[in-house]
Amino acid sequence: MMTDLDQLLGTVRAMPTDARLADMDAAVMGGLAERRDRMTARRSLALAGLLAIGIGWAGSILPAAPAQAAPMPIGMSDYAPSRLLGQ
């Protein structure tokens with residue numbers, strides 16, 4: 001029985017290989033590189049999301065200065081033409 005297996009393996013070894021197998025290494029390595037890039041992008045997106053959630057949470061927890069109205073009316077700047085001309 002073992003000799004039959006040896007003969008079978010010898011026959012398979014003697015057969016010519018498929019030409020498509022020569023390009024298989026490049027296809028596999030390309031697929032691995034693409035998968036690695038996708039995983040990096042997902043991790044970056046997840047990190048950015050967690051950072052945004054953390055900043056939003058911290059901003060809502062920490063006390064902020066109370067809002068105050070501007071001392072001058074809206075649109076009246078110290079650099080307005082009427083103030084610069086002394087009117």
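A salt bridge here is a side-chain nitrogen of Lys or Arg within 4 Å of a carboxyl oxygen of Asp or Glu. By that criterion, the whole structure holds two salt bridges. The model is predicted.

**Figure 1. Overview of the predicted protein, a chain of three helices and zero strands.**
Read from the N terminus, the element order is α-α-α. The chain has 87 residues, and 1% of them count as buried. Its accessible surface comes to about 8,400 Å². Carbon and sulfur atoms account for 67% of that area.

**Figure 2. Close-up of the salt bridge between arginine 20 and aspartate 18.**
The closest N and O atoms of this pair lie 2.6 Å apart. That falls within the 4 Å cut-off, so the contact counts as a salt bridge. Arginine 20 is exposed, at 64% relative accessibility. Aspartate 18 is partly exposed, with a relative accessible area of 35%.

**Figure 3. Close-up of the salt bridge between arginine 38 and glutamate 34.**
The N to O distance is 3.3 Å. Both residues sit in helix H2, which covers residues 24–61. Arginine 38 and glutamate 34 are four residues apart there, so about one helical turn separates them. An α-helix has 3.6 residues a turn, so residues three or four places apart point the same way. Arginine 38 is partly exposed at 42% relative accessibility. Glutamate 34 is also partly exposed, with a relative accessible area of 47%.

**Figure 4. Close-up of helix H1, residues 2–14.**
H1 has 13 residues. At 1.5 Å a residue, the helix should span 18 Å. Its end C-alpha atoms are 18 Å apart, so the expected span and the model agree. H1 is hardly covered: its count of buried residues is zero.

**Figure 5. Close-up of a nonpolar surface patch of about 490 Å².**
Five side chains are shown: Leu21, Met24, Val28, Met29 and Leu32 make the patch. Methionine 24 lies in helix H2. Its relative accessibility is 44%, so methionine 24 counts as partly exposed.

**Figure 6. Close-up of residues 45–65, annotated in UniProt as a transmembrane region.**
The annotation comes from an unreviewed UniProt entry. Over residues 45–65 the chain is 81% helix and 0% strand. The end C-alpha atoms of this stretch are 32 Å apart.

**Figure 7. Confidence along the predicted model, with helices H2 and H3 as the extremes of mean pLDDT among the elements.**
The protein averages a pLDDT of 84. A score of at least 70 is reached by 85% of the residues. Helix H2 has the highest mean pLDDT among the elements, at 94. Helix H3, residues 81–84, has the lowest, at 71. Where pLDDT is low, the predicted coordinates should not be read in detail.

Notes
Residues numbered from 1 in each chain as written. Predicted model: local features only at pLDDT ≥ 70, side-chain atom pairs only at ≥ 80, totals over all residues. Heavy atoms only, no water. Helix = DSSP H or I, 4+ residues; strand = E, 2+ residues; numbered from the N terminus. Buried < 20%, exposed > 50% of the residue type's maximum accessible area, 1.4 Å probe, protein only. Areas by Shrake-Rupley, 256 points an atom, 1.4 Å probe, with all protein chains shown as cover. UniProt positions renumbered as here; feature names shortened; annotations may be inferred. Expected span 1.5 Å × (residues − 1). Patch = residues over 30% accessible without salt bridge, like charges linked within 9 Å, V, L, I, M, F, W, Y side chains within 5 Å. pLDDT = per-residue confidence, 0-100.
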